[in-house]
Amino acid sequence: NNYFYPLFEPQILEDHGNWILHRNEYGVIVKDQKSRNGFPDWVSTPVKTRDDWEQIKNERLKPTLEGRLPKNWDMWKKIFKDRTFPIVMGGFPTGFYGTARFLLGEERVMLEFYDDQELMRDIMTYLADFWCKLYDQLLKEIKPDCILIWEDMCYKNGPLISPEMFREFILPGYKKVTKCLRDNGVKNVMVDTDGNCWKLIELFIEGGVTALG
């Protein structure tokens, strides 16, 4: 778990027969069909103000492995040590744009790169430092074959953020995290992003990414 710890307690807030309003483990309040047909509608996300972000950092994004590893971690370490299969760690819902989207919401995350650049810089900087501190601890115990960064920051016609904004806000975090991983012996860093990402590929490469999924 390289995101929230503790997670939010899932809770049904309203029951409307065919659909419910509920808060998920990431603090996102969603309107969801009970049949699970279609995508849920996001109603609210956990960071609405700067104070919310400060509270999230202090309460749920502490860079410690405590509570983030399986209770039978010693057993898994032995299995992984003698493995004949690859290990990929990371992934959903953690990436720079991807995580910011879960914190702020799908529309607001795009607007705040213009409207509240101080907040966005703080989010990107904190996430990079947070993941580096976690991986510095984890990679002393196990060496995965690949770290996966989850973004989903593109659609069919291109990225949801301009290459210029990516370079200014997100690229420094990529460089910091991928350097941390290389220094700890991890050579493969994959990004999972939906859609047409051609305009960002050179920036991902510059940031130390070695594969796209």
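What follows is a short chat about this predicted model.

Reader: Before I poke around, what kind of model is this, and how are residues numbered?

Author: It's a predicted model, where local features need pLDDT of at least 70, side-chain atom pairs count only at pLDDT 80 or more, and totals for chains, interfaces and linings use all residues. Residues are numbered from 1 along each chain as its sequence is written, and side-chain values use heavy atoms, with hydrogens and water left out.

Reader: OK, the sheet with E1 in it. What's the strand order?

Author: The order is E1-E2-E3-E4, an open sheet of four strands with antiparallel pairing. Strands here are DSSP runs of E with at least two residues, helices are runs of H or I with at least four, and both are numbered from the N terminus. Two strands pair if DSSP finds at least two bridges between them.

Reader: Which strands stand at the edges?

Author: Strand E1 (11–15) and strand E4 (41–44) do; each has a single partner strand, so one side of each is left without a neighbour in the sheet. On average, neighbouring strands of this sheet are turned by 30 degrees against each other, direction ignored. For that angle, axes are lines fitted to C-alpha atoms (for helices over the stretch in contact), and angles run from 0 to 180 degrees between N-to-C directions.

Reader: How many bridges join E1 to E2?

Author: Four, with E1 and E2 (residues 19–23) running antiparallel. Asp-15 has Ile-20 in E2 as its bridge partner. The two strands form a hairpin with three residues between them, and Gly-17 in the turn has a positive phi of about 85 degrees.

Reader: And what about E2 and E3?

Author: Five bridges join that antiparallel pair, and Arg-23 stands opposite Ile-29 in E3. E2 and E3 also form a hairpin, this one with five residues between the strands; Gly-27 in its turn has a positive phi of about 80 degrees.

Reader: Glycines, fine. Which residue other than glycine has a positive phi?

Author: Asp-152 does, with phi near 45 degrees. Asp-152 sits in the loop between strand E6 (146–150) and strand E7 (154–155). Arg-36 is not a glycine either, and its phi is positive at about 65 degrees; this residue lies in the loop between strand E3 (29–33) and E4.

Reader: Is Arg-36 buried or exposed? Same question for Asp-152: buried or exposed?

Author: Arg-36 counts as exposed at 56% relative accessibility, while Asp-152 counts as buried at 13%. The cut-offs are under 20% relative accessible area for buried and over 50% for exposed, with partly exposed in between (1.4 Å probe, protein chains only).

Reader: Switching topic: where are the cis peptide bonds at Pro-6 and Pro-93?

Author: One joins Tyr-5 and Pro-6, with omega about 0 degrees, in the segment before E1 where Pro-6 is placed. Another runs from Phe-92 to Pro-93, with omega near 0 degrees. Pro-93 is in the loop between strand E5 (88–90) and helix H3 (96–104).

Reader: Now E9. Which way do its side chains point?

Author: They alternate along E9 (residues 188–192): Val-189 and Val-191 point to one face and are buried, whereas Asn-188, Met-190 and Asp-192 point to the other and are not.

Reader: What does E9 pair with?

Author: E6 is joined to E9 by five bridges, running parallel, and Trp-150 stands opposite Asp-192. E9 also pairs with strand E10 (residues 211–212) in the parallel sense over two bridges, where Met-190 has Ala-211 as its bridge partner.

Reader: What do E9, H7 and E10 make?

Author: A right-handed β-α-β unit, with helix H7 at residues 201–206. Right-handed means that, with the strands pointing away from the viewer, the path from the first strand over the helix to the second runs clockwise.

Reader: What does Thr-178 touch?

Author: Thr-178, in helix H6 (residues 163–183), touches Val-189, Gly-207, Gly-208 and Val-209, not counting residues up to four places away in sequence. Contact means heavy atoms within 4.5 Å. Thr-178 counts as buried at 1% relative accessibility.
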